[in-house]
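Please examine the sequence and the model that follow. The paragraphs below lead through a pocket, the nonpolar cores and one helix.

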Amino acid sequence: MTDHHAHMRHALQLAMRGLGRVWPNPAVGCVLVRDGRIVGRGWTQTGGRPHAERMALDQAGALARGATAYVTLEPCAHHGKTPPCAEGLIAAGVAHVFSALTDPDPRVAGKGHAMLRAAGITVNEGLCAEEARVLNRGFFKRVTQGLPLVTLKLATTLDGKIATGRGESRWITGASARRAVHLMRMTHDAVMVGSGTVLADDPDLTVRDMGPVHQPVRVVVDSGLRSCPKGRLGQTARAVPVWMLHAAGADGHDWAATGAELLAVPMHLGHLDLRAGLAALAAKGVTRVFCEGGAGLAGALIGAGLVDDLVTFTAGAVIGAEGLPAVGPMRLAALADAPRLRLVSQRAVGGDVQSIWRFD
C-alpha cells in the first residue's frame, strides 16, 4: 500500500534545501512515484529556477507518464521566466497529483489545481498541509501581508545579558551555538542588525565555515547612516549585498560608494518605522529575515509586534545587574501587556541551550 504521507514528507525535506536561496519564490519539493518506485525528485533551485516540478520531470523523463506527483505547494499556473509547472505535469502524462497547499499568490490561487483537473489528472489537496505551511511561512506572509517572516536571535547568559557592562560579549555562547547560528543564517534571505551592533562589533554577518554557500543579504537599520562604511560590511558590499534602511535625507554618499543599496524609510515618533522598513524588504522579494540585534532593535521589533519567532541561545553564565540586557525598552505599562510566546522546541547545543519560541 502506498504511503502517501511518507512521499510528501520526502518532498518537504527536499523543499527545505531551498530556504534562503530561492526568494522571492517559495521553497518547493516534488517527488514522482511510479509503480511504487521513485522516478524523479526535485526542489526549487537557487534563484528560483528551475522549479521543483521541472527538475523532477526532467529526471524522470518518460517514466513520468502515469506517475503520481507529490508537490509541497500547488503547481504554478502562470507564465513567467518559464512555462507553468501545471502544464509541464500535464504534458508529461502524470496521472495523479498530491499537493500540500494552495498557493496564495494571486497568479496561481487554485488555477494550477484547476488546470490539472481539467486535463483529467486526479488532484488531492491538503496532504501534510501544516508541515508545508510552516516551511513556507515567510513566502505566505510576504504574499498575504506584504511583510517577511522575522526570526529574532538572542545569545544570552542565564540572567538575560548579552554583554558585560563594558560591552564585552565575545563569546557568551560556545562554538557549537555559533555554528548553529551560521546554519540559521543560511536558511534566511537576509540577516539584519541595528547600527549600534555595527558600530560596536564591526560584524561580517556572512555564513562562514560551511563551504561555498549562497549568502544572505546583509541589512542594517541605520536611520542617520552613522555606521562606518570603511568597516567589514562596506569593504565587502560588492561581493555580498548590503542594504541600508535609513531615513530620507540622510547622507548616503559614502555608503553608496561601497556598492551598498540605500533604502529610504519613513520615520515614526523619532525612530525609523520598522514596519515600513520590513515592507520595503518584502517589496524587493525578501521572505525570511534573521535579526541578530542589538538590544534596541530587538525591543523595538517585539514592541511593534513584528517578530514571528524568537530563538535564544542561553549560556551557563551569570553577569549580574551591570550587564547589558538582551532586549531594550518596550515601554510596557503592566505585566498583562507583555507579549506571550509558545515554546516550539528546546535542545542542548554544546554547553548551551537553544530554545525556539513563537509569537502566535
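In this predicted model, helix α1 supplies the largest share of the lining of the second largest pocket, namely 4 residues. The lining comprises 25 residues in total, and M16, L19, V134, R288 and R358 lie nearest the centre of the pocket. Elements that each contribute at least two lining residues include α1, α5 (129-135), α7 (175-186) and the strands β6 (149-156), β15 (309-314), β17 (342-349) and β18 (352-358). Sorted by class, the lining holds 12 nonpolar, 7 charged and 6 polar residues. The space within this pocket amounts to about 680 Å³.

Attention now turns to the nonpolar cores. The largest nonpolar core contains 41 residues, and M8 and L32 are those with the most contacts inside it. Helix α1 (residues 4-16) gives this core its largest share, 5 residues. Apart from its neighbours within four places in sequence, M8 is in contact with Y70, V71, T72, F98, S99, A100, L127 and C128. A second core of 31 residues is separate from the largest one, and M192, V219, V286 and A326 are among its members.

Helix α3 offers a further view of burial. In this helix, which spans residues 85-92, the buried residues are C85, A86, G88, L89 and A92. These residues lie on the same side of α3 because they cover an arc of only 160 degrees around the axis. Their cover includes the helices α2 (52-60) and α4 (111-118) together with the strands β3 (68-71) and β4 (96-99). Just after α3, G93 adopts a positive phi of about 85 degrees.

Key: Residues are numbered from 1 along each chain as its sequence is written. This is a predicted model: local features need pLDDT of at least 70, side-chain atom pairs count only at pLDDT 80 or more; totals for chains, interfaces and linings use all residues. Side-chain values use heavy atoms; hydrogens and water are left out. Buried means under 20% relative accessible area, exposed over 50%, partly exposed in between (1.4 Å probe, protein chains only). The arc is that of the directions from the helix axis to the C-beta atoms. Contact means heavy atoms within 4.5 Å. A nonpolar core is a set of buried Ala, Val, Leu, Ile, Met, Phe, Trp, Tyr and Cys residues joined through side-chain atoms within 4.5 Å. On a 1 Å grid over the protein atoms alone, a cavity is a set of points where a 1.4 Å probe fits but cannot get out, and a pocket is an open set with protein on both sides within 12 Å along at least five of seven lines; lining residues have an atom within 4 Å of a point. Grid points are joined across faces, edges and corners, and a volume is the space filled by probe spheres set on the points. Ala, Val, Leu, Ile, Met, Phe, Trp, Tyr, Cys and Pro count as nonpolar, Asp, Glu, Lys and Arg as charged, and the others, Gly among them, as polar.
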